[in-house]
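Please examine the sequence and the three-dimensional structure shown below before reading on. The report is intended as a guided reading of both.

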Amino acid sequence: MRKETPDTYQIVRMSVQSPYRKRGLGCIMLKFLEEKAHSFGARSLNLETNKQWSDAIRFYQNNGYIYKGEDEVSCYFEKEIPL
């Protein structure tokens with residue numbers, strides 16, 4: 001996780017190895033990072049993923065991340081963190 005502004009953090013390079021996917025580990029990691037960001041005073045979290053990785057895009061959308069745009073390679077997402 002990287003601090004972008006005093007109240008915005010970015011999740012960087014989060015993944016679960018293929019043999020361990022679909023077991024809830026990604027959700028556990030994501031919740032942990034969200035809680036940690038909240039403890040640092042974050043009001044929002046940003047992340048990006050390869051726009052070819054439809055499973056990752058669906059995963060983030062299913063976990064409350066809102067699509068914010070894309071470029072040639074990546075899709076960008078944001079999630080507001082309530083106080």
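This report describes the strands, the aromatic side chains, the salt bridges and a surface patch in turn.

## Basis of the report

The structure is a predicted model. Residue numbers start from 1 along each chain, in the order in which the sequence is written.

## Strands and the crossover

Strand β1 covers residues 2–5 and is joined to β2 by three bridges, the two strands running antiparallel. The connection between β1 and β2 is a hairpin of two residues. Within this pairing, Arg2 stands opposite Gln10 of β2.

Strand β2 also pairs with strand β3 (residues 44–50), here in the parallel sense and over four bridges. Gln10 takes part in this pairing too, standing opposite Asn46 in β3. Between these two strands, the chain passes from β2 through α1 to β3, and the resulting β-α-β crossover is right-handed.

The side chains of β2 point in two directions: Thr8 and Gln10 point one way, while Tyr9 and Ile11 point the other way. Are these four residues buried or exposed? Thr8, Tyr9, Gln10 and Ile11 are all buried.

## Aromatic side chains

The structure contains five aromatic pairs. In one of them, the ring centres of Tyr60 and Tyr65 lie 6.0 Å apart and the ring planes meet at 75°, so the pair is classed as edge-to-face. Both Tyr60 and Tyr65 are buried. Another pair is formed by Tyr60 and Phe77, with 6.4 Å from centre to centre and 40° between the planes, an arrangement described as tilted. This pair links distant parts of the chain, since Tyr60 belongs to helix α2 (residues 54–62) and Phe77 to strand β5 (residues 74–80), 17 residues apart.

Why does Tyr60 count as buried? The relative accessibility of Tyr60 is 8%, and the term applies because this value is under 20%. Phe77 is likewise buried, with a relative accessible area of 2%. Tyr60 and Phe77 belong to one aromatic cluster, together with Phe59, Tyr65 and Tyr67.

## Salt bridges

Side chains of opposite charge can pair when their charged atoms come close. How many salt bridges does the structure hold? There are five salt bridges in the structure.

Two of the salt bridges described here lie within helices. In helix α2, Asp55 and Arg58 are three residues apart, about one turn of the helix, and their side chains meet in a salt bridge with an N to O distance of 2.5 Å. Asp55 is partly exposed, with a relative accessible area of 49%, and Arg58 is also partly exposed, at 43% relative accessibility. In helix α1, Glu34 forms a salt bridge with Lys31, with 3.6 Å between the closest N and O atoms. Because Glu34 and Lys31 are three residues apart in helix α1, about one helical turn separates them. Glu34 is buried, with a relative accessible area of 10%, whereas Lys31 is partly exposed, with a relative accessible area of 44%.

A further salt bridge joins the side chains of Glu70 and Lys51, at 3.2 Å from N to O. Glu70 lies in strand β4 (residues 66–70) and Lys51 in the loop between β3 and α2, so this pair ties together parts that are 19 residues apart in sequence. Glu70 is partly exposed at 44% relative accessibility, and Lys51 is partly exposed at 27%.

## A nonpolar surface patch

Which residues form a nonpolar patch on the surface? The patch consists of Tyr20, Leu25 and Ile28, which together have about 290 Å² of accessible area. Tyr20 is located in the loop between β2 (8–11) and α1 (25–39). With a relative accessibility of 40%, Tyr20 counts as partly exposed. This value is over the 30% that a residue needs to be part of a patch.

Methods
Predicted model: local features only at pLDDT ≥ 70, side-chain atom pairs only at ≥ 80, totals over all residues. Heavy atoms only, no water. Patch = residues over 30% accessible without salt bridge, like charges linked within 9 Å, V, L, I, M, F, W, Y side chains within 5 Å. Areas by Shrake-Rupley, 256 points an atom, 1.4 Å probe, with all protein chains shown as cover. Salt bridge = Lys/Arg side-chain N within 4 Å of Asp/Glu carboxyl O. Buried < 20%, exposed > 50% of the residue type's maximum accessible area, 1.4 Å probe, protein only. Pairing = 2+ DSSP bridges. Right-handed = clockwise from strand over helix to strand, strands pointing away. Phe/Tyr/Trp six-rings, centres within 6.5 Å; stacked < 30°, edge-to-face > 60°.
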